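Let's take a walk through this structure together, a few side chains at a time. Have the sequence and the 3D view ready, and turn the view as you read.

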Amino acid sequence: MADNAKLTLDGKTYEFPVITGTEDEKAFDIGKLRAQTGYVTFDEGYKNTGATQSNITFLDGEKGILRYRGYSIEDLSSKASFLEVAYLLLYGELPTKTQLSNFEETLNQHTLVHENLMKVFEVFPSGSHPMGQLMTLISALSSFYPDSLSPSKNPELVNLTIIRLLAKMPTLCSMIMKKGKGHPIVYPQNKYDYVTNFLRMSFGNVTDDYMPDKVVVDAMNTLLILHADHEQNCSTSTVRIVGSSHANLYASIGAGVAALWGPRHGGANQEVLEMLEHIRDIDKGDVKKVVAEAKDKKRLLFGFGHRVYKNFDPRAKIIKVACDNVLAKLGVNDPLLAIAKELEEAALNDPYFVERKLYPNVDFYSGLIYKALGFPTPMFTVLFALGRMPGWISQWKELREKNEDIGRPRQIYNGPALRPFVAVNDRK
Ligand code: ACO
């Protein structure tokens, strides 16, 4: 066990307890810093701030490790189903066969959305961005379940609220996809598993009996698992901070969806595909020009760089292999894949990217798979949200079970000092 951390300020020494995590991650607990010294820490973007002690996900950005509840992302993405992973994240252990089938059955009983929610949905123009629709629909669920507004008093009600949200996500996401096409929505069928049901509702039609190919189901399953949690990223921190005010689950998750939408976060998967199309159509495939412009800070290379991964993103490694496999199995020959590989190669061999440790992230290749599966580009971030749902919910659940303090950072004020009020007629 490490000694306390010592801080010397204005000739006085203060001690702060050291906290050590399972994987020897270390922090010093500055909870009493301001009370004892009058100082706060300054850490724009929370690059060095541990906001919670969590049991859910372990990530080592230097070594490229990602684990959910101790299981490696490599094992989970190749051996488990998305619902097994969702169960693991939510309840802490992989389900037994019986637990899994009960979980699936319970979810299937909650897949329908209230017909009045459809009325909220109907008023969105067909060109509305899918993420704006998703954010609104999830927040609107709170109006349909008033019993969920302050659920922490009753664990069964908390669980029902969680089940409802998880069960309705595929229905909501595929409704949004259908609106983009101007097609009637397809209702869920309880005889199908979670992923198959989602794909049927997204790609089937009221006029046919579409069943997704196993290649497509497996690819979707892998992608959802890879996105299922990622510890304290921007959207998860948003969910936790909103949840810390004891806002209900739907409001907290709606806020997480808003955070995910941004192009520096989950919105990057849409940006990557649009960037690759731009390179193909406008830059005539000249990746060197694109890399040069990125180095001149004229543009970002979307899908490159990560706040935490400074070696490689293990999810990107898995997705790159999956991308090759899925496109080959589906017989898709997408010239954008060749451009993506050329761009990756050019960037990884350029000192600018090497020195800054900028590697492809989860969003770099995922869009190419989504495209090959048939999803329109504006839907990509919605698919990220569908995958991230168990992670967001687990983090919200953990926060509430521990009854963590309300999230409320401090600041350093740099605005004007006190000045006298000047009446409007006297202002120059
Ligand atoms: N293209 C070009 N230059 C980049 C990129 C990029 N994608 N990312 C970072 N850099 C440069 C920065 O300009 C900076 O250069 P400097 O040292 O000369 O000032 C340096 O690399 C360090 O970048 P930071 O912004 O400090 O890195 P940070 O950790 O704050 O940001 C982020 C990480 C936001 C992901 C950033 O890399 C980025 O914007 N990437 C593109 C968007 C993207 O793909 N986002 C998805 C991330 S994964 C996810 O959220 C699911």
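A good place to begin is E401, which forms a salt bridge with K397; their closest N and O atoms lie 3.4 Å apart. Keep in mind that this is a predicted model. Why can these two side chains be partners? E401 and K397 are four residues apart in helix α18, so about one helical turn separates them. In general, an α-helix has 3.6 residues a turn, so residues three or four places apart point the same way. The two partners sit in contrasting surroundings: E401 has 60% relative accessibility and counts as exposed because the cut-off for that is over 50%, whereas K397, with a relative accessible area of 13%, is buried.

Now move a little further along the chain. The side chains of K402 and E404 meet in a salt bridge, with 2.9 Å from N to O. K402 and E404 are also part of something wider: salt bridges that share partners join R240, E398, K402 and E404 into one network. Is K402 buried or exposed? With a relative accessible area of 41%, K402 is partly exposed, while E404 counts as buried at 18%.

How many salt bridges does a search of the whole structure find? The total is 22. One of them brings together K371 and D334, whose side chains meet at 2.7 Å, N to O. This pair links distant parts of the chain: K371 belongs to helix α17 (residues 363-373), D334 lies in the loop between α14 (314-330) and α15 (335-348), and 37 residues separate them. D334 counts as buried at 9% relative accessibility, and K371 is partly exposed at 30%.

Let's finish with a helix, α11, which runs through residues 249-261. Its 13 residues reach 18 Å from the first C-alpha to the last, close to the 18 Å expected at 1.5 Å a residue. Look at the start of α11, where a side-chain oxygen of N248 reaches to within 3.0 Å of the backbone nitrogen of Y250. Y250 is itself one of the buried residues of α11, which are L249, Y250, S252, I253, G254, G256, V257, A259 and L260. What covers these buried residues? The cover includes α6 (130-144), α7 (155-181), α10 (234-243) and α18 (380-401). With α18 we are back at the helix that holds E401 and K397, where our walk began.

Notes: Residues numbered from 1 in each chain as written. Predicted model: local features only at pLDDT ≥ 70, side-chain atom pairs only at ≥ 80, totals over all residues. Heavy atoms only, no water. Helix = DSSP H or I, 4+ residues; strand = E, 2+ residues; numbered from the N terminus. Expected span 1.5 Å × (residues − 1). Buried < 20%, exposed > 50% of the residue type's maximum accessible area, 1.4 Å probe, protein only. Contact = heavy atoms within 4.5 Å. Polar contact = N/O pair within 3.5 Å; in protein donor to acceptor, adjacent residues only side chain to side chain. Salt bridge = Lys/Arg side-chain N within 4 Å of Asp/Glu carboxyl O.
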